[in-house]
Amino acid sequence: MEQIVKRGGTRDYDRKIMASLFYDSSSLTRLSFESAMSRLGGKVLTMENASAFFSVSPDDALEDTIRVVDDFCDVIVLRHNEIGGAERAAKVCTVPLINAEHPTQALLDLYTIHKETNKLDGLKVALVGNLAEGRTVRSLSYLLSKFERVKLYFVSPESLQMKEDIIDHLAEHNTWYAVESDLHKVLPEVDVVYTTQIERDRFDGSDTEFKDFRKNYFIDKDSIELMNKNAIILSPLPRFTEISREIDHDSRAAYFRQTQNGMILRMALLAWVLE
Ligand code: CP
């Protein structure tokens, strides 16, 4: 797929149609999938803000929508706004259905980590920020538990720490993890620093505590100096205030390469399910 992108795309899938249905907001994932399908030569039907156009009640409205839309296309990319929505949709869908929540983000994160560091077994990864609600860090932790000798450092204030379901999953897979609050202590230890954004309205503490939080978990010129020279910084983007723009040109800032890899990964995934 990287070669195809360098050649300017392919027309191999010009008879195929992808429908993207987004019931929940997305700035990057939807564009990434649509770009991937376009570069494969396929056509795209798109519905942003689908919950405003398709009825979400009664309870089986999603099933009805999928039954209709699957006649219009060869693959559906769905981000639904309810837990279990993609699974419900997949049960009635007659074409491949890809969950555009964060499973594909975790795949592109793994692809990027492997491409940048040339390893997955033995990785040391710091996951930083709002771990309680950050869907990307939850999915990535889950996938990393499939590899050997991985060490995960969960770095966040106590109220935003990784939830029990993922911790239990790691324990079942004998994956090593540590709960930390001091980012600077962890930075010299790891191969990957994965940052997530934290919005003010998701933080329970006072304004002063929030200011401290941002200061403590901010990646800037000083903190990057603590990292190994071959370590990388990843982010699902878009960023909020967690990474200073002054480090964008440091070779360890891999987040824009990561978004490029996302499109490549999604091209491969679409081609695979469309075969
Ligand atoms: N990285 C990511 O999933 O972004 P969106 O939620 O904007 O798609």
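**Entry 1: Val-155.** I began with the contacts of Val-155, leaving aside neighbours within four places in sequence. Val-155 touches Ala-126, Leu-127, Val-128, Gly-129, Leu-131, Gln-161, Glu-180, Ser-181, Asp-182, Leu-183, Val-186 and Tyr-217. I note that the model is predicted.

**Entry 2: the cores.** I then looked up the largest nonpolar core, which has 26 residues. Within this core, Val-155, Val-193 and Ile-233 touch the most other members. I recorded which elements supply at least two residues of this core each: among them are strand 5 (124-128) and strand 6 (151-155), together with helix 8 (183-186) and helix 9 (207-216). I also found a second, separate core of 24 residues, including Val-125, Val-137, Leu-143 and Tyr-194.

**Entry 3: Thr-195.** I located Thr-195 in strand 8, which covers residues 192-195. Is Thr-195 buried or exposed? Its relative accessible area is 1%, so I entered Thr-195 as buried. Leaving aside neighbours within four places in sequence, I listed its contacts as Val-128, Ile-219, Ile-233, Leu-234, Ser-235, Pro-236, Glu-242 and Ile-243.

**Entry 4: cysteines.** I searched the whole structure for disulfides and obtained zero. A disulfide is a covalent bond between the sulfur atoms of two cysteines. Why is there no bond between Cys-73 and Cys-93? The closest cysteine sulfur to that of Cys-73 is in Cys-93, at 6.8 Å, which is too far for a bond. I checked from the other side: for Cys-93, the closest cysteine sulfur is that of Cys-73. I noted the cut-off used here, which is within 2.5 Å. Cys-73 counts as buried at 6% relative accessibility, and Cys-93 counts as buried at 13%.

Note on methods. Residues numbered from 1 in each chain as written. Predicted model: local features only at pLDDT ≥ 70, side-chain atom pairs only at ≥ 80, totals over all residues. Heavy atoms only, no water. Helix = DSSP H or I, 4+ residues; strand = E, 2+ residues; numbered from the N terminus. Buried < 20%, exposed > 50% of the residue type's maximum accessible area, 1.4 Å probe, protein only. Contact = heavy atoms within 4.5 Å. Core = buried A, V, L, I, M, F, W, Y, C linked by side-chain atoms within 4.5 Å.
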